[in-house]
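Student: I should like to understand how structural terms are applied to a model. May we go through them one at a time?

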Amino acid sequence: MSIRKKSILFLSVGVINIFGLLVAALAIHEAFLFLALVALFVLGICQRSFLKCPSCRHPILKRTVVFFGEPFTYWGLPPQQCPHCGEDLRQDR
Ligand SMILES: [Zn+2]
C-alpha cells in the first residue's frame, strides 16, 4: 500500500472517530467531548510521526506557504508528491 493510500485511510478513520465521539457527546454524555479532543491530539501526533516521505522523512501532510515574505506552516490533505523533495507518493513501497 502506498504512503498516500495509508494517509487517506488514516485520516478517514480519524475523522470518522472524532465525528462519532462528537455525536456521542451530544447524544449520550458531555464527557465524550474530552475523548474527541484526545482523539484529535492522538491523530495529530500519529500523522506527524508515521506519515512521512519514504525518501526524505518529511511529514507528507505538512506544507509551507510564503505569504508576504513570511513562511506559514499548515497541514493539508494527502498530496500525490512529497511537498519537500517531489517523491511520487502513489508508488507502493
Ligand atoms: Zn520527500
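Student: What makes the reach of helix H2 close to the expected one?

Tutor: This is a predicted model, in which local features need pLDDT of at least 70 and side-chain atom pairs count only at pLDDT 80 or more, while totals for chains, interfaces and linings use all residues. Residues are numbered from 1 along each chain as its sequence is written. Helices (H or I, at least four residues) and strands (E, at least two) are DSSP runs, numbered from the N terminus. The expected span of a helix is 1.5 Å times one less than its number of residues. H2, residues 31-50, has 20 residues, for which 28 Å is expected, and its first and last C-alpha atoms are 29 Å apart.

Student: Why is H2 called hardly covered?

Tutor: A residue is buried if 20 or more other C-beta atoms, placed from the backbone, lie within 10 Å of its own, exposed if 12 or fewer, and partly exposed in between. Among the 20 residues of H2, the count of buried residues is 1.

Student: What makes Val 15 partly exposed?

Tutor: Val 15 has 13 other C-beta atoms within 10 Å, and therefore counts as partly exposed. Val 15 belongs to helix H1, residues 3-27. In H1, the residues Ile 3, Ser 7 and Leu 21 are buried.

Student: Why are H1 and H2 called roughly antiparallel?

Tutor: Axes are lines fitted to C-alpha atoms, for helices over the stretch in contact, and angles run from 0 to 180 degrees between N-to-C directions. Angles under 35 degrees count as roughly parallel, over 145 as roughly antiparallel, 65 to 115 as roughly perpendicular and the rest as oblique. The axes of H1 and H2 cross at roughly 170° and come within 8 Å. The two helices are therefore roughly antiparallel to each other. Residues making the contact (C-beta atoms within 7 Å) include Phe 10 and Leu 21 of H1 and Phe 32 and Ala 39 of H2.

Student: Why is Arg 57 counted as exposed or buried?

Tutor: Arg 57 has 10 C-beta neighbours inside 10 Å, so Arg 57 counts as exposed. This residue lies in the loop between H2 and strand E1 (62-67). Although Arg 57 is not a glycine, its phi is positive, about 65°.

Student: What makes that phi worth noting?

Tutor: Most residues other than glycine have a negative phi.

Student: How do you know that Phe 68 is exposed?

Tutor: Phe 68 has 5 other C-beta atoms within 10 Å, and is therefore exposed. Phe 68 is in the loop between E1 and strand E2 (70-75).

Note on methods. Two residues are in contact if their C-beta atoms, placed from the backbone, lie within 7 Å.
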